[in-house]
Amino acid sequence: MIVTILTLTERARRLAGEMREKLLRDPTIISVEVIHRNMDLGKVFAESDIIVGIMAAGIMVRKIAPLINNKLSDPGVLVVDEKGSNVISLLSGHAGGANDFAIKLAGLIGANPVITTSTDVNGLVGIDIFAARYFYRILDPHLIRHFNSSIIQGHRVELHSSRDLEALIDDDMRRTYTYVPEGDEVVRAHCNSRVMRLAPLKLSMGIGTRRGLDQIE
């Protein structure tokens, strides 16, 4: 995960340094860059997975407004006040991971995570959160609102797949999700008379070497 922290004041810059130090201890974080004042937000928006602005929410909204494109592709955007008291998930809370990151960051700095999406407020896992958390691409994004609204209303989601998804349905998902062993690799989610398809993303892993070594250390 590539994280960019934006600051406008010296106090915010000091807090950003503390955040960076703590975040880099997390193996899921690839890099953390702190940008102070002068910033090309277009480049930041295109290259970051998560953007954290230590500034007023209104300032961040004005900065990112021209860049917002799609909830499934925009980076997660958060704001933190200068005292580090509140971490607010502002944009792409589900697919962009801002909600989960707000909880993670708040835990690191002893802050209060502020999350306002309906499913999360009601202690439920939205279909887009499920997809982002377990690396699925939603092939029918127009159905996200229907699924999440149905989940809030108490409807269950059946996940039909040849893959064994039982292990993915942890405690916070059991209220809503049921695994049905059926079909192919693409998950077909059934909820309130609608069917959504989720395709697994392909992950590649490799091993690198350092020049001049004749054996693995």
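# Reading the sheet, the cores and two loop residues

Tutor: Begin with a sheet in this predicted model. Five strands make it up, in the order 7-11-10-8-9. The sheet is open, and its pairing is mixed.

Student: Which strands are the edge strands?

Tutor: Look for strands that pair on one side only. Here these are strand 7 and strand 9. From one strand to the next, the twist averages 30°.

Student: How do I read the pairing inside the sheet? In which sense do strand 8 and strand 10 pair, parallel or antiparallel?

Tutor: The general idea comes before the case. Strands of a sheet pair through backbone hydrogen bonds, and the sense is either parallel or antiparallel. Strand 8 and strand 10 take the antiparallel sense, over three bridges. For a landmark, find His160, which stands opposite Arg188 in strand 10.

Student: Now the interior. Which residues touch the most other members of the largest nonpolar core?

Tutor: Again, the general idea leads. In soluble globular proteins, nonpolar side chains tend to be buried together. In this chain the largest nonpolar core has 24 residues, and Tyr177, Met196 and Leu198 touch the most other members. Several elements give two or more residues to this core: helix 6 (127-133), helix 7 (144-152), strand 7 (136-138), strand 8 (157-161), strand 9 (177-181), strand 10 (187-191) and strand 11 (194-200). Helix 6 supplies the largest share, four residues.

Student: What does Tyr177 touch, leaving aside residues up to four places away in sequence?

Tutor: Its contacts include Val125, Gly126, Ile127 and Phe130. Tyr177 also touches Ile151, Arg156, Val157, Leu159 and Ile169. Apart from the largest core lies another, of 22 residues; Met19, Val32, Ile54 and Ala111 are among them.

Student: Met19 sits in helix 1. How do I read a helix like that? Which of its residues are buried?

Tutor: Check the span, then the buried face. Helix 1 (residues 10-23) has 14 residues. From first C-alpha to last it reaches 20 Å, close to the 20 Å expected at 1.5 Å a residue. Its buried residues are Ala12, Leu15, Ala16, Met19 and Leu23. Their arc around the axis is only 105°, so they lie on the same side of helix 1.

Student: What do those buried residues pack against?

Tutor: Four strands and a helix: strand 1 (2-7), strand 2 (31-36), strand 3 (50-54), strand 4 (76-80) and helix 4 (98-109).

Student: On to backbone angles. What is notable about phi of Ser92?

Tutor: Check the sign of phi, then the residue type, then the place. Phi of Ser92 is near 55°, a positive value in a residue other than glycine. Ser92 is in the loop between strand 5 (86-91) and helix 4. Its relative accessible area is 9%, so Ser92 is buried.

Student: And where is Asn192?

Tutor: Asn192 is in the loop between strand 10 and strand 11. Its phi is near 50°, again positive in a residue other than glycine. With 32% relative accessibility, however, Asn192 counts as partly exposed.

Student: Last, the whole chain. How many helices and strands does the chain have?

Tutor: Seven helices and 11 strands. The C-alpha atoms fill a box of roughly 55 × 55 × 30 Å along the principal axes. Of the 217 residues, 41% count as buried.

Student: What share of contacts joins residues at least 24 apart?

Tutor: Take contacts between residues at least 6 apart in sequence; 61% of these join residues at least 24 apart.

Notes. Residues numbered from 1 in each chain as written. Predicted model: local features only at pLDDT ≥ 70, side-chain atom pairs only at ≥ 80, totals over all residues. Heavy atoms only, no water. Expected span 1.5 Å × (residues − 1). Buried < 20%, exposed > 50% of the residue type's maximum accessible area, 1.4 Å probe, protein only. Arc of directions from axis to C-beta. Contact = heavy atoms within 4.5 Å. Core = buried A, V, L, I, M, F, W, Y, C linked by side-chain atoms within 4.5 Å. Pairing = 2+ DSSP bridges. Axes fitted to C-alpha atoms, helices over the stretch in contact; angles between N-to-C directions.
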